[in-house]
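User: Could you take a close look at one part of this protein for me? I would like to understand the place where two of its domains touch.

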Amino acid sequence: MKKLGLCIGEPSTREVEFVGSTGVKLGDYVELFYEGRKVLGFISDVRRVSRNIPSDLEPEDLEKVKRIVGNDSYFVGKITILGDPDSRMFIPRIPPAPGTEVFLASRETLKKVFGEDDGTKVHVGHLLTREDVNVYISIDSIVSRHLAVLAVTGGGKSNTVSVILEGLLEKDGTILVFDMHGEYVNFDFQRNGKPAVKSIPLTLNPIRLSYHEFRLFANVDDSAYIQDRFLRRVFKETVEAIQNGEIYPSKFWEELQGKLEELESNEDYRDDRKSITAVRNKVQDMQDFYGDLFALDQSPIVEQIEFGKLNVIDLSHVDEKVADIIVSHVLRNVLEARKKNVREGSGGLEYPLFMVLEEAHILASSTINTRSRYWISRIAREGRKFGLGLCLVTQRPKALDSNALSQANNMIILKLVEPGDQRHVQQASEALSSELVQQLPSLNVGEALLMGQMIPVPALVKIKKARAKKGGTDISAVKSWREFREKRKELVKKRLKDIEDLDSLE
Ligand SMILES: Nc1ncnc2c1ncn2[C@@H]1O[C@H](COP(=O)(O)OP(=O)(O)OP(=O)(O)O)[C@@H](O)[C@H]1O
Ligand SMILES: [Mg+2]
């Protein structure tokens, strides 16, 4: 066992200072023996100090002293106590005494802590400081207690999500991705050697929308209460008529417009005529503008979700407003379908679902009151009881609704530079110490801090590369320009040759 140093100062049950001579790495794990237990710790802060080089020397004097004393530095560090791996990370109530020896944690201890796949876990990578220790996360925990994946642009969020999704698919996991950039549809995800992506067509049946969702499409503001009243009335009457079998579903728009026309010419509503006309125009605009999005024979999106697949709704071609309505519509229906199944024991959605929301800060914004924010919060709160897991992915944590973020019990934080983002994340999670926050800007692509219930103790992890990932790399402008130049040169050469050939014929 490799000895790193000794505890010094005034250790507490949670934190210990120590000094060491070599091999002290930030984020590494240590073992201490006290109170009859083996206790695991995490090096959360390291500084290097010199015995003989005072910090207040002039540069020339410093050079001289250095020549004489050589490299005489040693390490001073802080250890966060994590607990006894043999007793479910129990933390002794008595702190280690100063002078207690600090050892580098053995591979066996770390393997015991970070475990192996017992059939309920996903392998995500290895410890940043120990390539030989694999790290697994608990699937049940991320599905029941949600997951936030946070990093600057290009930090490795989508790769991390892909690694997790691959692991879930291997275990019959059923996933629904709201794909804001159309990247997941093109990934080559496999399950049992077969393609696992099911692309759900982006068409909605207006009859299945809630009035609230319908009103958003129609652009009727809730402050326009007269318009709201008439639209609500004709929408409800039309949907009821269809449900009662009085008219065919295909007659939805005609019926709706017909009812509005009737109201418009009804003398009883003479005073409201302007508002009714406005509603009629808005419904017409809605049909003109979003025509492609609506299909009166479309089955509900929830019924199109396939078991054991990566179900993807491609939202890359719609604007943020439409994405908001669609996401909220789907989340609402998924929650209802799961509730029905759990309460009644059959029907509805018959299995748990893990849902990925990229650009979560747009859908659940901290400043704009979107429809999807409401449903994301509800699922974040209630999902646990119904087996609905959310994976919130964002490059702007600061702009993400703090309510939704704090419900995410599990976090994967890759490189995060902006102090505002760091503060926001720290506020949402008590487990994130300021020492750990300080590490976030210096992480490289694919290096992440994992914490929460999904993992026994917080860990800095090198995430593995997803197998399924296709594309996603930045376009090299220089390479593309050069290629285009070559292509054009070839074209000109060919033309010249054609002209020469023609000349020789004449
Ligand atoms: N763990 C990793 N190992 C190796 N390469 C990685 C890793 N994670 C990410 N990369 C590479 O870094 C690039 C950016 O990764 P990714 O697309 O996952 O980032 P992102 O955070 O989702 O970016 P964006 O904010 O643009 O969505 C990709 O080319 C990817 O292949
Ligand atoms: Mg991404």
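Analyst: Happy to help; here is a walk from the whole chain down to that contact. Please keep in mind that this is a predicted model.

Let's start with the overall picture. The protein chain has 16 helices and 19 strands. Its radius of gyration is 30 Å, well over the 23 Å that the globule rule gives for 506 residues, so the chain is more spread out than a compact globule. Along the principal axes, the C-alpha atoms fill a box of roughly 100 × 85 × 50 Å. Of the 506 residues, 39% are buried. Among contacts with a separation of 6 or more, 71% join residues 24 or more positions apart.

Now to the domains. The assignment gives domain 1 as residues 3-105, domain 2 as 122-202 + 300-463, and domain 3 as 206-293. Domain 2 is thus written as two segments, 122-202 and 300-463.

Your part of interest is where domain 1 meets domain 2. Their C-alpha centres lie 36 Å apart, and 12 residues of domain 1 are in contact with 10 residues of domain 2. On the domain 1 side, the elements that give two or more residues are β4 (37-50) and β5 (73-83). Of the elements on that side, β4 gives the most, with 4 residues. As for chemistry, the domain 1 residues that touch domain 2 divide into 5 nonpolar, 3 polar and 4 charged.

If you want to find this side in the viewer, β4 (37-50) and β5 (73-83) are the strands to look for.

Notes: Residues are numbered from 1 along each chain as its sequence is written. Chains are lettered from A and ligands numbered from 1 in the order in which they are written. This is a predicted model: local features need pLDDT of at least 70, side-chain atom pairs count only at pLDDT 80 or more; totals for chains, interfaces and linings use all residues. The radius of gyration is taken over C-alpha atoms; the globule rule is 2.2 Å times the number of residues to the power 0.38. A residue is buried if 20 or more other C-beta atoms lie within 10 Å of its own, exposed if 12 or fewer, and partly exposed in between; C-beta atoms are placed from the backbone. Two residues are in contact if their C-beta atoms, placed from the backbone, lie within 7 Å. Domain bounds come from an automatic or database domain assignment. Ala, Val, Leu, Ile, Met, Phe, Trp, Tyr, Cys and Pro count as nonpolar, Asp, Glu, Lys and Arg as charged, and the others, Gly among them, as polar.
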